[in-house]
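Student: I'm looking at this one for the first time. Could you walk me through it and show me how each label is earned?

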Amino acid sequence: MRVLLALLLSSAAFASETMRIAVGPDSSKVVLEGDALRVGADSDEASYEPFSAAKVTLSLAAGKLQVEGAPSPSPALRFRSGEDGAGIIQVNGVRVRGDVVVLFGKTQLAAVNVLPLEDYLVGVLGSEMPKSFPPEALKAQAVAARTYALNKKLEQYGQPYHLGSSVISQVYKGLDVEDPRTREAVESTRGQVMTFQLQPIEAYFHASCGGRTETGLDALGRDLPYLQAVDCPCGRLATSHWTLNLKPADLKPLGAAKGGAIKVQGRSSTGRARRVEVGTRSMDAVTFRERIGYMKLKSLNFEIEKSRDGWTLEGSGFGHGAGMCQWGARVYAEKGWDYRKILQHYYPGTELQTLYE
Ligand SMILES: [Zn+2]
């Protein structure tokens, strides 16, 4: 990976490097719409022929790509709008800039948006952080998202796509979430990434930690020197705290026997649940949160009390807790910290580097 980064750093073409983002989950059918659609092979150097319609349906038959019901000349097709590709394409209901490649993914069709990294980041920022956050918090988010994307790109080099577009990777909703404020945050930090030993770091981030971030090891099984628990001012915010009432029926997805209790069996150094006992079953707390639902059980930082008809969970924070805390970044930005200081706080021991200008 170090060699790859060196290659990228020495490449003059790096500034025009593109990201390949899977838009939506794989499916049996992909519909693309756009003005003056053109089609070609999946390569930056391909020539693009005009396509006969403003809408195209791609499907699968016996594992082979079909265009409007007829076999495709190649296993992957790349579409763009307009001769220079500057137009907009709607794919799976999302409007995007750049090209869209449709190819046979693992078992279904994947629609992959190929676009400049910096344009991708504007779409990520509008989906991952409220646009009303202070400029320095948005800039910190832009650098974290760029770093995360480049790290994934190096890891997935040569694969059909580098990242998905859901919360599992970084949320990306195309150009409809773009805003002058997010574009400004991306442009004013252009090419800047956080590195550790000259490599882009695994720049995880989350909505709110509740007062102290979690180590990468405890949150995600990533034992990295720059993902350590640090104090955070978001714990003072009312939005960081939540209550969840669970009834016996809510425990069904956990496969627990009726009449069981819920108990936290072990906690990490920051007080987050590590294992949870549900009835006679003991499970990893991450699995417990996944089964209850990530949106419902917002974090693993909670206490449990028996209530009249179930349990009351009092908790704080939203997300896995590793890396940069977005609400904490907001508080620091309001206090006058710039984005460099915010990033140094949440990713200690890393360096801010400009890979291209
Ligand atoms: Zn926080």
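**Labels and the values behind them**

Student: Why is arginine 20 called buried?

Tutor: Arginine 20 has a relative accessible area of 13%. Buried means under 20%, exposed means over 50%, and partly exposed is what lies in between (1.4 Å probe, protein chains only). With 13%, arginine 20 falls under the cut-off, so buried it is. Before we go on: this is a predicted model, where local features need pLDDT of at least 70 and side-chain atom pairs count only at pLDDT 80 or more, while totals for chains, interfaces and linings use all residues. Residues are numbered from 1 along each chain as its sequence is written, and side-chain values use heavy atoms, leaving out hydrogens and water.

Student: What makes the pair of arginine 20 and aspartate 42 a salt bridge?

Tutor: Their side chains meet at 2.9 Å, N to O. The rule asks for a side-chain nitrogen of Lys or Arg within 4 Å of a carboxyl oxygen of Asp or Glu, so 2.9 Å qualifies. Arginine 20 sits in strand S1 (residues 18-22) and aspartate 42 in the loop between strand S3 (37-40) and strand S4 (49-50), so the bridge ties together parts that are 22 residues apart in sequence. By the way, helices (H or I, at least four residues) and strands (E, at least two) are DSSP runs, numbered from the N terminus.

Student: Is aspartate 42 buried or partly exposed?

Tutor: Partly exposed, at a relative accessible area of 27%. The pair also belongs to something wider: Arg20, Asp42, Arg78, Arg80 and Asp99 are linked in a network of salt bridges.

Student: How many salt bridges does the structure hold?

Tutor: There are 22. Another one joins aspartate 231 and arginine 212, at 2.8 Å from N to O. Aspartate 231 is in the loop between helix H5 (216-220) and strand S16 (241-246), and arginine 212 is in the loop between strand S15 (205-206) and H5, so this bridge connects parts 19 residues apart in sequence. Aspartate 231 counts as partly exposed, at 48%, and arginine 212 as partly exposed too, at 35%.

Student: Why are helices H2 and H3 called oblique?

Tutor: Two packed helices are described by the angle between their axes and the distance between the axes. Helix H2 (residues 117-128) and H3 pack at about 125°, with axes 10 Å apart. The axes are lines fitted to C-alpha atoms, for helices over the stretch in contact, and angles run from 0 to 180 degrees between N-to-C directions. Under 35 degrees is roughly parallel, over 145 roughly antiparallel, 65 to 115 roughly perpendicular, and the rest oblique. About 125° fits none of those first three ranges, so H2 and H3 are oblique.

Student: Which residues make that contact?

Tutor: From H2 come Leu117, Glu118, Tyr120, Leu121, Val124 and Leu125, and from H3 come Leu138, Gln141, Ala142, Ala145, Arg146, Ala149 and Leu150. Contact here means heavy atoms within 4.5 Å. The group divides into 10 nonpolar, 1 polar and 2 charged residues.

Student: And what makes H3 oblique to H4?

Tutor: The axes of helix H3 (residues 135-155) and helix H4 (residues 180-187) come within 8 Å and cross at roughly 60°. That value lands in "the rest", so H3 is oblique to H4. On the H3 side the contact uses Leu138, Lys139, Ala142 and Arg146; on the H4 side, Arg181, Ala185 and Val186.

Student: I noticed Arg181 there. Which residue does arginine 181 form a salt bridge with?

Tutor: Aspartate 179, with the closest N and O atoms 2.9 Å apart. Arginine 181 is partly exposed at 45%, whereas aspartate 179 is buried at 14%.

Student: How do you know that serine 299 is buried?

Tutor: Serine 299 has a relative accessible area of 2%, which puts this residue in the buried class. The residues that serine 299 touches, not counting those up to four places away in sequence, are Trp242, Arg289, Ser316, Gly317, Phe318 and Gly319. The C-alpha atoms of serine 299 and serine 316 are 6.9 Å apart, though 17 residues separate them along the chain.

Student: Last one: what is the phi of glutamate 68?

Tutor: Near 50°, a positive value in a residue other than glycine. Most residues other than glycine have a negative phi. Glutamate 68 sits in the loop between S6 and strand S7 (70-71). Leucine 198 also has a positive phi, about 65°, without being a glycine.

Definitions and conventions: Ala, Val, Leu, Ile, Met, Phe, Trp, Tyr, Cys and Pro count as nonpolar, Asp, Glu, Lys and Arg as charged, and the others, Gly among them, as polar.
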